[in-house]
Amino acid sequence: MSNKLSALDLAFLSLEKQTTPVNVASLAIFEIPKGYKGNFPRDLMDKLEVQPAGPPFNQKLSHVSSAKLPSWVTDEHFDIHYHVRHSALPKPGKMADLLELASRLHSRLLDRERPLWEFHLIEGLEGNKFALYMKMHHAAIDGMGGIELMEDCFSLSGQDEVRAPWAGLKKYLHPRSQNSISLGEKTANLAAQVKDRASMVQDLSKMFWGQGLKATGISKNTSPVPFTAPKSIFNVPITGARRFAVKSLSLSELKTVGKQANATVNDMVLALCSGALRKYMQERGALPKKSLIASVPVSVRQMNRTGNQITYVTANLATDESDTMTRLAKIGASTKDAKEELGEVSADAATSFAVIAQGLVAVMNQLNMTNLLPPVANVTISNVPGPRQPLYFGQAKLQATYPLSVLIDGQSLNITVVSYCDDIDFGLMACRDTIPDIEKIADYIDAAMDGIKGGIYLQELMQNKDN
């Protein structure tokens, strides 16, 4: 069976070169059941390795080196032992050792002659824990697709049987056969597609027209125009080596503080990242006079569609603003305008806009032109809502899940956030040679939260004083 790649999937393929692996991954931390007799990770691996791979995990690219556009085809020589690997951390199994291993694994290109994924079970993490690192090519999955994968293979009970992630996404298992669709349905579907295409072209024109109005200063919309970001220490050519850092905060506390500040969860995430980046750049005497701009992926996922279903909006991070609460307000105004702009067009138009943007970035990447033009954005910041209930993998309870994402040439930092139960987990991916101390930015997220709390306290004091 053959499945065509979408235009956005192809754009992600074209982004990749030796210095820019286009891998997305998750690093999940699990607690070994108390009192378990034996080696739980080894026993878990025995149960996993015997499970066959289903689509899309048994599918590879039909063409790698030819000019013909590839499709997803079934790998007739699939080797589960190539994709599924078991390793152990050196004692005592510090978290820093796990992050170092994840950094190295994420630096490697996936083999395009095989299905584009790897699964690593890593034992020996201190505190009676182990980890799972699973990576896929971004051409095969997006952030919400990763959450769907998690919900498919993890369960709500520690008593359920273990289901391997590669057993196949449930939406692939029972597709409706084209032969079962009546002639009337096919005709109606074709008419709907023609209508949708016409609407999509109109909406896409509206999006480009809106960017032009903002660029000329005619529009009052405050969301930034792509390729107007200032040069910064994050916007330089990168190498293929990666460095990964993590940070976890309480989701309920973040929501409470956000409510007090009249800010959404997304705005709070952007403000925490903004505060951390501002502090990091200030310490190095490298804070641009103009605010950093963030590229923010937005899911436009529709039912019964596979592959990438995302677009991008730009947000003003207000890093040029010294006052914490003013910075948060500017971020909120920028994202509000960006959402309104996106809400006026169809999902297909929004995705097409992302395809064009990624295609432009891919051309710049391949021609090594990133130093010649202003950055499309300074940093990518993504917030993906995850499961709110505790999940299990066999008897092992999921403790945390940290996302690892993609860097592009000229943009050496990506911050992706996933929520799980009452935690919000930040995954900070950086070019190792550009930002070797990425863990400092992760630590500064705490300071940014304290800054917002302090700003709220001062506002309340001023209000009480006025009253």
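How many bridges join β6 to β7, and in which sense do the two strands run? Seven bridges join them, and the strands run antiparallel. One of the bridge pairs places L121 opposite L132 of β7. The two strands form a hairpin with three residues between them, and G127 in the turn has a positive phi of about 85 degrees. I should say at once that what we are looking at is a predicted model.

Let me set that hairpin in its context. The protein chain contains twelve helices and 15 strands. Of its 467 residues, 51% are buried. Among contacts between residues at least 6 apart in sequence, 79% join residues at least 24 apart.

I turn now to the sheet. Six strands make up an open sheet of mixed pairing, and their order is β5-β6-β7-β2-β13-β12. The edges are occupied by β5, residues 84–88, and β12, residues 392–393; each has a single partner strand, so one side of each is left without a neighbour in the sheet. Helix α4, residues 95–106, packs on this sheet and touches β2, β5, β6, β7 and β13. The direction of α4 makes about 155 degrees with that of β2.

Strand β2 deserves a closer look. With β7 it runs antiparallel, joined by nine bridges, and L27 has Y133 of β7 as its bridge partner. With β13, residues 396–404, strand β2, residues 23–31, again pairs in the antiparallel sense, over seven bridges. There, S26 is the bridge partner of P403. As for β7 itself, eight of its nine residues are buried, so this strand is largely enclosed by the rest of the structure.

Which residues have the most contacts inside the largest nonpolar core? They are F30, L48, W117, F119, F130 and W166, in a core of 52 residues. Eight elements each supply at least two residues of this core, including the strands β2, β6, β7 and β13 and the helices α2 and α5. The greatest contribution comes from α1, which gives five residues. To take F119 as an example, leaving aside residues up to four places away in sequence, this residue touches L48, H83, V84, R85, L132, Y133, M134, P165 and W166. Apart from this core lies another, of 48 residues, with L270, L292, I435 and A448 among them.

My last topic is helix packing. Two packed helices are described by the angle between their axes and the distance between the axes. Helix α12, residues 438–466, takes part in both of the cases I shall present.

In the first case, α8, residues 251–260, packs against α12 at about 35 degrees, with the axes 10 Å apart. This crossing is left-handed. On the α8 side the contact is made by E253, L254, V257 and Q260, and on the α12 side by M449, I452, K453 and I456. By class, that gives five nonpolar, one polar and two charged residues.

In the second case, the axes of α9, residues 265–283, and α12 come within 8 Å and cross at roughly 115 degrees. Here the crossing is right-handed. Among the residues in contact are M268, A271, L272 and G275 of α9, which meet a set in α12 that includes Y444, I445, A448 and M449. The classes in this contact are 13 nonpolar, one polar and three charged residues.

Thank you for your attention.

Technical notes:
Residues numbered from 1 in each chain as written. Predicted model: local features only at pLDDT ≥ 70, side-chain atom pairs only at ≥ 80, totals over all residues. Heavy atoms only, no water. Pairing = 2+ DSSP bridges. Helix = DSSP H or I, 4+ residues; strand = E, 2+ residues; numbered from the N terminus. Contact = heavy atoms within 4.5 Å. Axes fitted to C-alpha atoms, helices over the stretch in contact; angles between N-to-C directions. Core = buried A, V, L, I, M, F, W, Y, C linked by side-chain atoms within 4.5 Å. Buried < 20%, exposed > 50% of the residue type's maximum accessible area, 1.4 Å probe, protein only. Left-handed = near helix turned anticlockwise from the far one by under 90°. Nonpolar A, V, L, I, M, F, W, Y, C, P; charged D, E, K, R; others polar.
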